[in-house]
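Dear colleague,

I am handing over the structure below, and I would ask you to keep it open while you read the notes that follow it.

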Amino acid sequence: MAFTIRQLQFFVAVAEQGTVSGAAQNLSISQSAVTEAIKDLERDLGVELFERHPRGLNITHKGHQFLRHATKILADVSDARRTFSDDKERATGRLQLGVTSLVAGYVLSDLLARYRRAFPSIDVSAIEDNGDYLEHLLVGGELDVAVMVISNLRDRMALQAEILEVSPYRLWLPLGHHLASADIIGINDIVSEPLIMLTVDEIEENTGKLLVALGARPHVAFRTRSVEAVRSLVATGAGVALLPDLVYRPWSLEGDRIESRDISGSLPVVQVGMVWRRGSSLPQAARDFIGVAQSQRQTRQRP
């Protein structure tokens, strides 16, 4: 028995939502259909893709490895369907992209790979910098499109944005941490915990404001611009982290497990999206890039 595209879609949805119920709601199908599809996929592959627990599912190490393949397969299928809409092989031109640090490896890499497959003759150049500078370049016409955190987009009069992904904040914990087994975790529960702070894309500013607004003074044990460093520090018990789910992975580079838990209360979300200058006449290459990004978002949303 070979796995199906439908099974891959269900698997990716469960991996993103963290629960069968959440995936079923997102796909507008029954929970039993999702459960059976995942079981059939695990039987076909001969591995466990998820660890089951009362609060939902945790993706396993092998499941995490398969997730990248599944996402790429679904993107390739979508590209194959788009191939016949028009002649992209002969499309030429130049695309000037901007990206912020946080999303460079978590959103842009797959999106850019898909765009290159669809439009191989386009000359793509990309620059990574902070959001303020990318906004400056967009307004000045030096960039066509930027993929960035848009939650704090400053110049909304001059710039147009479209959301690609919405990511809630969650708590990262080392395996065996006493809070990992708690039914409900509140901000007060983590006030006394040493906090590992990520300092890119306004994450430090946002996290600090969040804790202060909720009446908690953060006890920062370590500041770093590296997400991998945050993973390693949390996994080895140096502290906990409060970060958008966008950058969560269940394993550090050393192979240590990292738990992720919801925090009770009203927490902000991080919005990642595309940004371009409002009212500008975008080159065809930029319009095609926006179209590929929109198509990828729609592929992840439908069954």
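**Two residues and their surroundings**

Leaving aside residues up to four places away in sequence, N58 touches L49, F50, E51, H53, R257, E259 and R261. Please keep in mind from the start that this is a predicted model, and that the values below were computed from it. N58 is found in strand 2, which covers residues 56–59, and with a relative accessible area of 13% it is buried, because anything under 20% counts as buried. A residue elsewhere in the chain gives a sense of distance: R116 lies 58 residues from N58 along the chain, and the C-alpha atoms of the two are separated by 32 Å.

One of the residues that N58 touches is L49, which has its place in the loop between helix 3 and strand 1 (50–53). L49 counts as buried too, at 0% relative accessibility. Again not counting residues up to four places away in sequence, L49 touches F11, L41, E42, N58, I59, T60, G63 and F66. L49 and L67 are 18 residues apart in sequence, while their C-alpha atoms are 9.0 Å apart in space.

**Three helices near the start of the numbering**

Two of the residues touched by L49, F11 and L41, also appear in the contact between helix 1 and helix 3, so it is worth going through these helices pair by pair.

Helix 1 (residues 5–17) and helix 3 pack with their axes 9 Å apart and at an angle of about 105°, which makes helix 1 roughly perpendicular to helix 3, because angles from 65 to 115 degrees are given that name. On the side of helix 1 the contact is made by Q7, L8, F10, F11 and V14, and on the side of helix 3 by A33, V34, A37, I38, D40 and L41. Sorted by class, this contact has nine nonpolar residues, one polar and one charged.

Helix 2 (residues 20–27) and helix 3 (residues 31–45) have axes that come within 8 Å and cross at roughly 115°, and helix 2 is therefore roughly perpendicular to helix 3. Their crossing is right-handed, and the contact is made by V20, S21 and A24 of helix 2 together with Q31, V34 and T35 of helix 3. These residues divide into three nonpolar, three polar and no charged.

For the remaining pair, the axes of helix 1 and helix 2 come within 8 Å and cross at roughly 120°, and the two helices are therefore oblique to each other. Helix 1 passes helix 2 in a right-handed crossing, in which F10, A13, V14 and Q17 of helix 1 meet G22, A23, N26 and L27 of helix 2. By class, the residues of this contact are five nonpolar, three polar and no charged.

**The chain as a whole**

The secondary structure of the chain comes to ten helices and eleven strands. The radius of gyration is 20 Å, close to the 19 Å that the globule rule gives for 303 residues, so the chain is as compact as a globular protein of that length. Taken along the principal axes, the C-alpha atoms fill a box of roughly 55 × 50 × 35 Å. Of the 303 residues, 47% count as buried, and among contacts between residues at least 6 apart in sequence, 74% join residues at least 24 apart.

With best wishes

Conventions: Residues are numbered from 1 along each chain as its sequence is written. This is a predicted model: local features need pLDDT of at least 70, side-chain atom pairs count only at pLDDT 80 or more; totals for chains, interfaces and linings use all residues. Side-chain values use heavy atoms; hydrogens and water are left out. Axes are lines fitted to C-alpha atoms, for helices over the stretch in contact, and angles run from 0 to 180 degrees between N-to-C directions. Helices (H or I, at least four residues) and strands (E, at least two) are DSSP runs, numbered from the N terminus. Angles under 35 degrees count as roughly parallel, over 145 as roughly antiparallel, 65 to 115 as roughly perpendicular and the rest as oblique. A crossing is left-handed if the near helix is turned anticlockwise from the far one by less than a right angle, and right-handed if clockwise. Contact means heavy atoms within 4.5 Å. Ala, Val, Leu, Ile, Met, Phe, Trp, Tyr, Cys and Pro count as nonpolar, Asp, Glu, Lys and Arg as charged, and the others, Gly among them, as polar. The radius of gyration is taken over C-alpha atoms; the globule rule is 2.2 Å times the number of residues to the power 0.38. Buried means under 20% relative accessible area, exposed over 50%, partly exposed in between (1.4 Å probe, protein chains only).
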